[in-house]
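Please look over the sequence and the fold shown here before reading on. The exchange below is meant to be followed with both in view.

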Amino acid sequence: MPDIKENVPLAPYTTFKIGGPAEYFAVAESEEGLAALAGYARQRRQPITILGGGSNVLISDAGIKGLVIKIDIRGLEHQEEGREVRLSVGAGESWDDLVAYSVERGWWGIENLSAIPGTVGAAPIQNIGAYGTDVSSAIQSVRAYDLDAERFVELSVADCAFSYRDSIFKTEAGRRLVVTRVEYRLGLEATPVLRYQDLADRFAGDLAPTAAAIRAAVIDIRAGKFPDLARYGTAGSFFKNPIIPKEAYDALKARYPELPGFPEVDGRVKVSLGWILDKVCGLKGARQGQVGTFERQSLVMVNHGGATATEVKAFARRVEEEVFQRSGISIEWEVNAL
Ligand code: NAP
């Protein structure tokens, strides 16, 4: 049974560098350890909160009651099957280490998801995505511990109910599932996805870039737009890019002819919230106390040093209201509040 510590400050376990203490805190390095910790908390009627890399959470200033379990289950196995590689990866592995490992071996499918902070286990929860790829397209299945049923379960891609930055794991019904391993299917044949302008510009004329070249380009593009975690506290994009009805998009486009919009398969339109924050709301680089939008990418909220969760929530409310008043769009947090 892993060690359980009391009253452990959680801010250092998050990239936002915000949040009070865990009443109890333990690290699960194996599935058995996780099951033992869950059983221990259940017997004592303590609520359980799961933490991965802490890169997409906002922990309240009061901290978290009950037991916080940080998932640190490691391990990576792979085998080639025909034109594919199957990988089985522990939830506690670093996501970007997995991308680097795969790209070095010339495997295709996740190179566009380079330089995203966080763990392998967190990636399916919000179905991380970037530059036209999302992680669900490389997932074969997800193994999880069901805290209610007290057993391990295997979820197919369909069971995971993936959609834009969303999955079953974010729903009320899915919160009892703790991801412990993820099975991936990567390709051995080149399948570059270069349709996003940023990447298309880099590879103009290069018809056969390697996965490693795409990874290098993504790392470079992101370094120019997203804050350096060593300098700023941040949880990355704070809000989701909204997907709105076509009529609402057309009405906005009539007012803001340059508004970027991308049609979804269901006929709705995804709009760039960063553009709305900059051009419609004038919030690029806005600041309120120690919290603000990042000057080079306003979808990203930053902690300029010593910000509290209360300050972040107040600033987020201001942004939500401003966007609603000026565009009629209700925006949603991408970051999980704990
Ligand atoms: P961007 O590339 O300027 O894109 C802004 C918005 O336009 C996003 O909604 C993006 O959709 C959409 N978009 C742009 N080109 C598109 C195309 N060719 N087809 C369809 N939709 C298009 O965004 P950015 O802020 O610089 O971020 C770069 C990438 O990293 C984006 O894909 C963004 O979503 C991703 N990102 C992901 C996370 C996360 O998973 N938590 C956090 C930060 C950034 P998509 O959002 O569908 O890409």
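What follows is a set of questions from a student, each answered by a tutor.

This is a predicted model, in which local features need pLDDT of at least 70 and side-chain atom pairs count only at pLDDT 80 or more, whereas totals for chains, interfaces and linings use all residues. Residues are numbered from 1 along each chain as its sequence is written, and side-chain values use heavy atoms, with hydrogens and water left out.

Student: What radius of gyration does the protein chain have, and what would a compact globule with 338 residues have?
Tutor: The radius of gyration is taken over C-alpha atoms, and the globule rule is 2.2 Å times the number of residues to the power 0.38. For 338 residues a compact globule would come out near 20 Å, and the protein chain agrees with this, because its own value is 20 Å.

Student: Which strand gives the most residues to the largest nonpolar core?
Tutor: A nonpolar core is a set of buried Ala, Val, Leu, Ile, Met, Phe, Trp, Tyr and Cys residues joined through side-chain atoms within 4.5 Å, where buried means under 20% relative accessible area, exposed over 50% and partly exposed in between, with a 1.4 Å probe and protein chains only. The largest such core has 58 residues, and Val135 and Tyr184 are among those with the most contacts inside it. With 6 residues, the strand that gives the most to this core is β12 (residues 177-187).

Student: Is Gly233 buried or exposed?
Tutor: Gly233 is found in strand β13 (residues 233-237), strands being DSSP runs of E with at least two residues and helices runs of H or I with at least four, numbered from the N terminus. Leaving out residues up to four places away in sequence, Gly233 touches Thr15, Phe16, Lys17, Met301, Val302 and Asn303, a contact being heavy atoms within 4.5 Å. Because its relative accessibility is 7%, Gly233 counts as buried.

Student: How is helix α7 oriented relative to α8, roughly perpendicular or roughly parallel?
Tutor: Helix α7 (residues 273-280) and helix α8 (residues 309-327) pack at an angle of about 80 degrees, with their axes 11 Å apart; axes are lines fitted to C-alpha atoms, for helices over the stretch in contact, and angles run from 0 to 180 degrees between N-to-C directions. Angles under 35 degrees count as roughly parallel, over 145 as roughly antiparallel, 65 to 115 as roughly perpendicular and the rest as oblique. The orientation of α7 to α8 is therefore roughly perpendicular.
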